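The following report walks through a single protein chain, from its overall make-up to one helix and two loop residues.

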Amino acid sequence: MDPQPGGIMPAGKNKILILGIGNDILTDDGIGPRLCDFLRERFSDTVADFEKLNVGGLEVLEFIDGYETVVIIDAIKTVLGRIGDIYLFTPDHFKETLHISNLHDTSFITALKLGRSLEFNIPGRILIIAVEIKEDMVFSESFTSELAERYVEVQENVMQHLEYLVPELSRPPERSPLQVN
């Protein structure tokens, strides 16, 4: 959706998107969608939209188009990371996360460049919160014991990061004088 003339967002779309990426039936890979659900409840009275995806690359463009700020929450596996550790990335110092780069698609950075060249309304601010995981290839709706043990801590850490990075989430939405009670 493109903003209406004068930069006004169409009805039903906020300026902020929290996007949980991952597959919730592949063990720890479901961390992004599960955190998105948690944050939707925690920040229910805010100016943000919450979406879950199990795709990456070019398909993400459709979801982020027209937002001012996008926070992507995804899984990551590093060599030295501790399960449940949280990393913050931006496209400027991008490290590929598990789904933002899709083997059957293009990388997220390439998709952003293409989106800009095709005149998509790419958000001015994109943040990527990556959570260190252990397993992403085993079918299960449950986390591994290592991630499950730290899940409440991960929830709190991600929530605190969001409150700091996107302070608008902690404020109630402004009411238009034209709204009817």
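Of the 181 residues of the protein, which is a predicted model, 46% count as buried. Among the contacts with a sequence separation of 6 or more, 78% are made by residues 24 or more positions apart. The secondary structure comprises four helices and five strands, and these elements follow one another along the sequence in the pattern β-α-β-α-β-β-α-β-α.

Helix H1, which runs over residues 31–42, consists of twelve residues and reaches 16 Å from its first C-alpha to its last, close to the 16 Å expected at 1.5 Å a residue. Its buried residues are Ile31, Gly32, Pro33, Leu35, Cys36, Phe38 and Leu39. These buried residues pack against four strands and one helix, which are set out with their residue ranges in the table.

| Element packed against by the buried residues of H1 | Residues |
|---|---|
| Strand E1 | 16–21 |
| Strand E2 | 48–53 |
| Strand E3 | 69–76 |
| Strand E5 | 125–132 |
| Helix H4 | 145–165 |

The packing of H1 with H4 can be described further. The axes of H1 and H4 lie 11 Å apart, and the two helices pack at an angle of about 55 degrees; H1 and H4 are therefore oblique to each other. Their crossing is right-handed. On the H1 side the contact is made by Ile31, Arg34, Leu35, Phe38, Leu39 and Arg42, while H4 contributes Leu147, Tyr151, Val154, Gln155, Val158, Met159, Leu162 and Glu163. Sorted by class, the residues of this contact between H1 and H4 are ten nonpolar, one polar and three charged. Ile31, Leu35, Phe38 and Leu39 belong both to the buried residues of H1 and to its contact with H4.

Two loop residues complete the account. Thr27 is found in the loop between E1 and H1, and it has a positive phi of about 50 degrees although it is not a glycine. Most residues other than glycine have a negative phi. Because its relative accessibility is 6%, where buried means under 20%, Thr27 counts as buried.

Thr90, in turn, lies in the loop between strand E4 (86–89) and helix H3 (108–117). Leaving aside residues up to four places away in sequence, Thr90 touches Ile126 and Leu127. The C-alpha atom of Thr90 is separated by 9.6 Å from that of Val71, a residue 19 residues apart from Thr90 along the chain.

Methods
Residues numbered from 1 in each chain as written. Predicted model: local features only at pLDDT ≥ 70, side-chain atom pairs only at ≥ 80, totals over all residues. Heavy atoms only, no water. Expected span 1.5 Å × (residues − 1). Buried < 20%, exposed > 50% of the residue type's maximum accessible area, 1.4 Å probe, protein only. Contact = heavy atoms within 4.5 Å. Axes fitted to C-alpha atoms, helices over the stretch in contact; angles between N-to-C directions. Parallel < 35°, antiparallel > 145°, perpendicular 65-115°, else oblique. Left-handed = near helix turned anticlockwise from the far one by under 90°. Nonpolar A, V, L, I, M, F, W, Y, C, P; charged D, E, K, R; others polar.
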